[in-house]
There are 2 protein chains.
Amino acid sequence: MPDAAPPGPGGPEPADLVVTGCTALVHGEDGGIGFTEDAAVVVRGGVIDAVTSAADAAGLPAAERVDARGQVAMPGLINCHTHAPMTALRGVAEELPVEEWFNDWIWPIETNLTERDVELGAMLACAEMIRGGVTCFADHYFLMDRVAAVVADCGLRADLGWAFFSSQGPAGRERSLEFALRWRGAAGGRITTSLAPHAPYTVDDADLAATADLARDHGLPVHIHAAENREQTEASLARHGRTPVEALRRGGLLDVDVLIAHGTGITDDDVALLGRATGRVGVATAPRGYLKFGWDTTPVRALSAAGVAVGLATDGAASNNSLDVWESMALTALVQKSAERDPRWLTARQALAHATTHSARAVGLAGRVGALTPGHRADLILVDLTGPHTQPVHDLAATLVHSARAADVVTTIVDGRILMRDRRLLTFDVPGIAAELAARLPALTDRAHGRRIQSYDG
Amino acid sequence: MPDAAPPGPGGPEPADLVVTGCTALVHGEDGGIGFTEDAAVVVRGGVIDAVTSAADAAGLPAAERVDARGQVAMPGLINCHTHAPMTALRGVAEELPVEEWFNDWIWPIETNLTERDVELGAMLACAEMIRGGVTCFADHYFLMDRVAAVVADCGLRADLGWAFFSSQGPAGRERSLEFALRWRGAAGGRITTSLAPHAPYTVDDADLAATADLARDHGLPVHIHAAENREQTEASLARHGRTPVEALRRGGLLDVDVLIAHGTGITDDDVALLGRATGRVGVATAPRGYLKFGWDTTPVRALSAAGVAVGLATDGAASNNSLDVWESMALTALVQKSAERDPRWLTARQALAHATTHSARAVGLAGRVGALTPGHRADLILVDLTGPHTQPVHDLAATLVHSARAADVVTTIVDGRILMRDRRLLTFDVPGIAAELAARLPALTDRAHGRRIQSYDG
């Protein structure tokens with residue numbers, strides 16, 4: 001067999017897309033970040049076919065070419081934990097401790113949620129994420145059929161889970177499973193799914209164990225909040241004699257693939273448990289919200305040392321105000337240096353590794369996305385560095401992490417399809433969505449009924 | 001005398017500029033932040049003539065009109081402490097403790113500085129600041145005639161000080177004075193000046209006292225680094241038995257107008273001293289860099305309670321990687337909540353107050369800039385909130401501080417002159433500046449000579 005099909009009478013089959021003239025962010029054998037100048041990325045069938053030189057790609061026939069001179073091509077960002085529909089509640093409950101935020105605002109408001117609210121919130125969220133260079137997100141919410149439909153339409157990649165509480169009885173867990181099985185692999189494989197128990201403080205031990213059984217039986221991962229803050233860990237120890245992470249372990253959730261959101265209350269003993277997990281463990285860190293609530297931050301250094309993948313996230317816009325994963329990347333670098341009081345730790349290159357391969361591992365997509373490597377899905381973004389705020393460039397990793405901003409992402413590509421080009425969204429009508437959502441807000445945010453979907457006493 | 005000149009035969013004299021259809025950020029009697037919808041800002045002679053309704057302004061003749069529907073008009077941001085020319089060194093020395101950053105990189109490189117390097121760095125800095133909605137900055141550096149020339153040309157407002165060390169002998173202080181006197185009030189009043197001793201660890205007590213005398217004799221303010229971090233305060237106590245702020249007081253610098261950069265090492269006793277100062281005291285906080293160096297942050301709550309104006313800043317791009325004051329505003333809110341472990345503190349409205357009136361006080365321009373108030377200089381920016389990341393709006397202050405980004409500033413106006421319109425810079429050719437600077441970088445960053453301009457053992 002020859003190495004490649006011989007060219008036909010008309011020459012080689014054209015590539016679907018060639019991005020050329022860029023500097024490409026590449027990963028070395030050891031996972032380290034490097035840069036290749038004057039590069040080209042060749043895409044065929046939604047997959048990265050080659051990362052080559054601009055010169056080599058110059059004569060390559062292609063259905064579409066993107067001139068990316070002055071731009072960096074890098075893997076699309078992955079938002080490892082969010083609640084896309086909560087974008088409808090951006091700014092609704094500010095300057096509050098988490099108990100009041102949940103009990104007086106979010107959980108009362110969520111009794112009003114309609115499928116259309118969820119859909120419009122998810123549309124706005126996806127538009128924001130595409131504009132900010134996010135190509136994949138892990139979502140955890142309710143009425144998730146609407147989120148899945150938005151993802152299918154808009155071209156993003158997502159791992160979706162329908163959240164449940166033990167207060168819903170078995171129906172919650174069953175719905176989460178039914179959703180996960182029905183949508184798994186949809187949208188040409190862009191949609192993956194997870195079981196989504198809310199948290200150890202709202203899902204009891206029996207339900208955690210039942211979830212682990214379902215995960216094992218059906219080959220599904222689990223996406224859960226745990227040890228969100230130190231107070232939750234202390235409350236869990238006081239009431240049940242074990243940390244939230246220990247509750248996951250006892251429930252069998254560290255023997256299946258699990259994505260843990262936040263983990264700012266993870267203890268040293270928890271880190272050891274997570275390091276010994278037989279399943280894949282990822283932790284999603286969303287540092288902006290931890291600052292805003294006055295919490296500690298995720299122990300990224302200890303988790304990384306234990307071999308746990310720490311991915312970047314934003315949480316929902318109702319607490320975080322933003323789905324700006326670029327900011328999460330910068331804040332992870334800054335806050336980790338601050339928390340460890342060590343300016344040498346969490347370098348710009350490490351931050352880029354968390355944003356790319358570590359995040360891909362955290363959401364279970366290692367080897368499929370997170371690197372510009374032949375055979376990976378063609379999820380990539382182009383970042384313009386010609387603005388005055390990103391000049392001059394002494395250290396490209398530092399420029400990307402500490403000087404560039406989400407708005408410098410000019411082009412976003414998923415599975416080889418361009419979702420934003422030169423800052424123009426190609427799959428959303430933002431003014432229409434915003435106008436329809438604005439009209440629905442009075443009904444959505446009404447709290448006069450006095451009900452809530454759950455109570456927080458984390 | 002009539003209240004206003006009677007309209008001539010052609011009707012009233014046209015306004016120079018009318019910005020109409022915006023939501024205007026206004027300050028109440030108590031200094032609190034409010035918003036007026038469907039507003040118009042009328043500018044005459046470089047001054048805000050009126051903030052009125054869009055309806056009232058509809059028929060007003062104007063030389064220029066800006067349709068600002070969907071945008072917020074607010075006072076331009078003030079960068080209360082930076083080193084504009086150091087933009088040339090953005091990213092040159094990363095992931096380092098401050099001693100190595102100064103001794104091994106910055107101070108060796110600064111022996112190479114030429115006037116053209118300073119000018120190009122300042123140009124890039126001013127371009128970045130205009131693009132980020134900054135209308136005024138307080139600068140502290142060398143070869144400041146070149147910075148003043150850039151400011152005069154590009155249309156920004158600035159308070160400029162030529163830095164000096166005691167190691168330069170009396171010549172350093174004399175040059176700082178000579179510069180301050182020569183440029184004071186230049187560029188139609190857009191340039192104000194300060195004396196600029198570097199810091200209590202590089203300027204001795206005699207020179208601090210001499211600076212205070214010059215400030216008093218010439219009616220000049222003083223801009224100085226002090227108590228940059230806790231280690232400096234501890235070193236000062238160990239060596240001299242007094243904190244850096246106490247050194248300022250003993251030198252008489254709290255009896256003149258003083259702007260203190262950073263102050264993350266300010267103690268409780270220092271706060272009391274600053275609160276009792278007979279001169280105007282401002283403190284500039286640049287929170288990104290403190291996270292990056294692993295320092296504490298400025299004690300904003302205590303300083304504010306003592307009546308000290310805390311303004312927002314970025315420091316230079318060589319440490320901060322960015323002159324993004326919008327980010328400083330968000331980070332001040334976030335980091336203060338985190339440092340105080342109090343989500344109710346440093347609200348979005350307080351952050352906006354720090355960004356506007358408090359910053360104006362800190363740089364000695366209270367009553368002239370920092371509010372959209374008739375009689376103030378017409379330094380304002382327009383912020384577009386139609387992007388998906390700033391929708392919906394439940395709380396406009398939160399949207400501005402926590403969801404909007406510097407890149408949402410579409411128009412920047414100083415003294416009524418438009419410096420950026422619809423994201424297009426009108427007074428800079430960025431590619432030309434970046435290209436010339438790039439060519440000079442090898443000579444600028446050469447450290448083979450082994451010299452440095454100063455030694456850090458703060």
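Here is a short chat about how the two chains of this predicted model are arranged and how their strands and helices fit together.

User: What makes the relation between chain A and chain B that of a two-fold axis?

Analyst: Chain B can be laid on chain A by a turn of 180 degrees with a shift of 0.0 Å along the axis, and the RMSD is 0.0 Å. That is the relation of a two-fold axis. In chain B, the C-alpha nearest the axis belongs to Ala407(B), at 3.2 Å.

User: How do you know that the copies meet through the same surface?

Analyst: Check the interface residues: 100% of those in chain B are also interface residues in chain A, so the copies use the same surface. The contact takes 54 residues from chain B and 54 residues from chain A.

User: Which elements give two or more residues to the side of chain B that touches chain A?

Analyst: They are α3, α10, α13, α15 and α16 of chain B. The largest share, 6 residues, comes from α16(B).

User: How do the residues of that side of chain B divide into nonpolar, polar and charged?

Analyst: There are 24 nonpolar, 15 polar and 15 charged residues on the side of chain B that touches chain A.

User: How is chain A divided into domains?

Analyst: Domain 1 takes in 17–75 + 376–424, and domain 2 covers 77–362. Their centres, taken over C-alpha atoms, are 28 Å apart. The contact between them draws 22 residues from domain 1 of chain A and 25 residues from domain 2 of chain A.

User: What supplies the side of domain 1 of chain A that touches domain 2 of chain A?

Analyst: β1, α15, β16 and β17 of chain A each supply at least two residues. The largest share is 5 residues, from α15(A). That side of domain 1 of chain A holds 13 nonpolar, 5 polar and 4 charged residues.

User: Why is β1(A) called mostly covered?

Analyst: A residue is buried if 20 or more other C-beta atoms lie within 10 Å of its own. In β1(A), 8 of the 11 residues are buried, hence the name.

User: What does β1(A) pair with, beginning with β2(A)?

Analyst: Strands β1(A) and β2(A) run antiparallel and are joined by 9 bridges, with His27(A) opposite Ile33(A). The two form a hairpin with 5 residues between them, and Gly31(A) in the turn has a positive phi of about 85 degrees. β1(A) also runs parallel to β4(A), with 3 bridges, and there Thr20(A) has Asp67(A) as its bridge partner.

User: How do you know that β1(A) and β5(A) count as paired?

Analyst: Two strands pair if there are at least two bridges between them. β1(A) and β5(A) have 2 bridges in the parallel sense, so they qualify. Ala24(A) stands opposite Ala73(A) in β5(A).

User: Now for chain B: why is β5(B) described as largely enclosed?

Analyst: 5 of the 5 residues of β5(B) are buried, so the strand is largely enclosed by the rest of the structure. β5(B) pairs with β1(B) in the parallel sense over 2 bridges, and 5 bridges join β5(B) to β15(B), which run antiparallel. In that second pairing, Gln71(B) has Asp384(B) as its bridge partner.

User: What makes β11 and β14 of chain B edge strands?

Analyst: Each pairs on one side only. They belong to an open sheet of 4 strands in chain B with the order β11-β12-β13-β14 and parallel pairing. Neighbouring strands of this sheet are turned by 30 degrees against each other on average, direction ignored.

User: Which helix packs on this sheet?

Analyst: Helix α14 of chain B does, touching β12, β13 and β14 of chain B, and its direction makes about 115 degrees with that of β14(B). As for β13(B) and β14(B), they run parallel and are joined by 4 bridges, with Gly311(B) as the bridge partner of Ala284(B).

User: Which residues of α4(A) are buried, and what covers them?

Analyst: The buried residues are Met144(A), Arg146(A), Val147(A), Ala148(A), Val150(A), Val151(A) and Cys154(A). What covers them includes α3, β7, β8, α5, β9 and β17 of chain A. α4(A) is followed by Gly155(A), which has a positive phi near 100 degrees.

Technical notes:
Residues numbered from 1 in each chain as written. Chains lettered and ligands numbered in written order. Predicted model: local features only at pLDDT ≥ 70, side-chain atom pairs only at ≥ 80, totals over all residues. Least-squares fit on C-alpha atoms with pLDDT ≥ 70 in both. Contact = placed C-beta atoms within 7 Å. Domains from an automatic or database assignment. Nonpolar A, V, L, I, M, F, W, Y, C, P; charged D, E, K, R; others polar. Axes fitted to C-alpha atoms, helices over the stretch in contact; angles between N-to-C directions. Buried ≥ 20, exposed ≤ 12 C-beta atoms within 10 Å, placed from the backbone.
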